[in-house]
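User: I'd like a close look at one part of this protein, with enough of the surroundings to put that part in context. Could you walk me through it in plain terms?

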Amino acid sequence: MKILITGFDPFGGEKTNPAIESVKKISENIENAEIKKIEIPTVFHKSADVLEKAIKEFKPQAILCVGQAGGRFDITVERVAINQDDARIEDNEGNQPIDLPIREDGKNAYFATIPIKRIVEEIRKENIPASVSNSAGTFVCNHIMYQALYLSEKYGIKKAGFIHVPFLPEQVLDKPNTASMSLEDIVKGLNAAVKTIANYDNDIEVTGGAIA
């Protein structure tokens with residue numbers, strides 16, 4: 001299986017982004033999968049242009065996008081992306097869309113096609129906190145998840161989804177009482193997620209432990 005994995009560059013005044021830093025360290029040898037990792041800009045639409053170019057070149061069977069969710073205490077596997085850009089802050093090129101559709105010809109929402117609950121269970125087996133999330137927000141993370149699922153339909157890609165990861169410890173030194181997770185644990189969790197994507201098509205029926 002060919003799996004395309006994306007991670008965002010730093011944004012919002014942060015010097016680092018656990019998304020791309022963890023993606024860089026994902027194992028190159030997981031279940032004999034061919035893995036391609038790319039950095040994408042935290043920029044509306046440009047991020048999707050980079051993703052689509054990689055899809056055309058690599059022709060993956062699965063896509064996993066990874067982003068930072070500062071303040072969350074666990075690794076969260078997103079269930080759904082909505083067709084809406086509504087930015088609280090500017091992206092890395094100063095764009096701040098308000099109440100705009102991502103794709104005029106797209107669905108109102110797309111559900112992840114990776115086995116989200118099975119991924120959560122496998123990450124928890126590594127003794128790392130994880131849960132299902134029912135909101136990817138309305139910033140560039142939701143944008144790229146939506147685009148990944150839209151493009152998956154366009155190019156016949158079977159599996160696509162998005163995972164949010166917490167701040168790194170060094171990011172919360174000036175943020176009292178804010179959760180973080182070590183890079184080592186984030187990478188371990190993402191390795192478990194990629195292994196699950198490679199091995200399983202179907203999800204499991206368990207209670208979600210979902211967060212908003």
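Is Arg-124 buried, partly exposed or exposed, and what is its relative accessible area? Please start there, and then show me what lies around that part of the chain.

Analyst: Happy to. Please keep in mind that this is a predicted model.

Arg-124 is partly exposed, because its relative accessible area is 36%, a value between the 20% and 50% cut-offs. Its salt-bridge partner is Glu-121, with N and O 3.5 Å apart. Glu-121 is also partly exposed, at 27% relative accessible area. Both residues belong to helix H3, where they sit three residues apart, or about one turn of the helix.

Helix H1 offers a parallel case. There, Glu-21 and Lys-24 form a salt bridge, again with 3.5 Å from N to O. These two are three residues apart in H1, so about one helical turn separates them. Glu-21 has a relative accessible area of 25% and is partly exposed, and Lys-24, at 48%, is partly exposed as well.

Now back to H3, which spans residues 116-125 and helps to line the second largest pocket. That pocket holds about 180 Å³ of space. Its lining includes Glu-122, Lys-125 and Glu-126, along with Ser-27 and Ile-30. The rest of the lining is Asn-191, Ala-192, Lys-195, Thr-196, Asn-199 and Tyr-200. Sorted by class, there are three nonpolar, four polar and four charged residues. H3 and H5 each supply at least two of the lining residues, and H5 gives the most, with five.

That makes H5 worth a look of its own. This helix covers residues 183-199, 17 residues in total. From first C-alpha to last it reaches 24 Å, close to the 24 Å expected at 1.5 Å a residue. Several of its residues are buried: Ile-186, Val-187, Gly-189, Leu-190, Ala-192, Ala-193, Val-194, Thr-196 and Ile-197. Two of these buried residues, Ala-192 and Thr-196, also appear in the lining of the second largest pocket.

For context, the largest pocket has about 440 Å³ of space. It is lined by 19 residues, and Phe-11, Gln-68, Ala-69, Arg-88 and Phe-139 lie nearest its centre. Its lining has eight nonpolar, seven polar and four charged residues.

Returning to salt bridges, the whole structure contains 13 of them. One of them pairs Lys-175 with Glu-14, and their closest N and O atoms are 3.0 Å apart. This pair links distant parts of the chain, 161 residues apart. Lys-175 is in the loop between strand E8 and H5, while Glu-14 is in the loop between strand E1 and H1. Through shared partners, salt bridges join Glu-14, Asp-174 and Lys-175 into one network.

Finally, here is the overall setting. The protein chain has five helices and eight strands, in the order β-α-β-α-β-β-β-β-α-β-α-β-α from the N terminus. Its radius of gyration is 16 Å, close to the 17 Å that the globule rule gives for 212 residues, so the chain is as compact as a globular protein of that length. Along its principal axes, the C-alpha trace spans about 45 × 40 × 30 Å. Of the 212 residues, 52% count as buried, whereas Arg-124, where you began, is partly exposed.

Definitions and conventions:
Residues numbered from 1 in each chain as written. Predicted model: local features only at pLDDT ≥ 70, side-chain atom pairs only at ≥ 80, totals over all residues. Heavy atoms only, no water. Helix = DSSP H or I, 4+ residues; strand = E, 2+ residues; numbered from the N terminus. Expected span 1.5 Å × (residues − 1). Buried < 20%, exposed > 50% of the residue type's maximum accessible area, 1.4 Å probe, protein only. 1 Å grid on protein atoms, 1.4 Å probe; cavity = no way out; pocket = protein on both sides within 12 Å on 5 of 7 lines; lining within 4 Å. Points joined across faces, edges and corners; volume = space filled by probe spheres on them. Nonpolar A, V, L, I, M, F, W, Y, C, P; charged D, E, K, R; others polar. Salt bridge = Lys/Arg side-chain N within 4 Å of Asp/Glu carboxyl O. Rg over C-alpha atoms; globule rule 2.2 N^0.38 Å.
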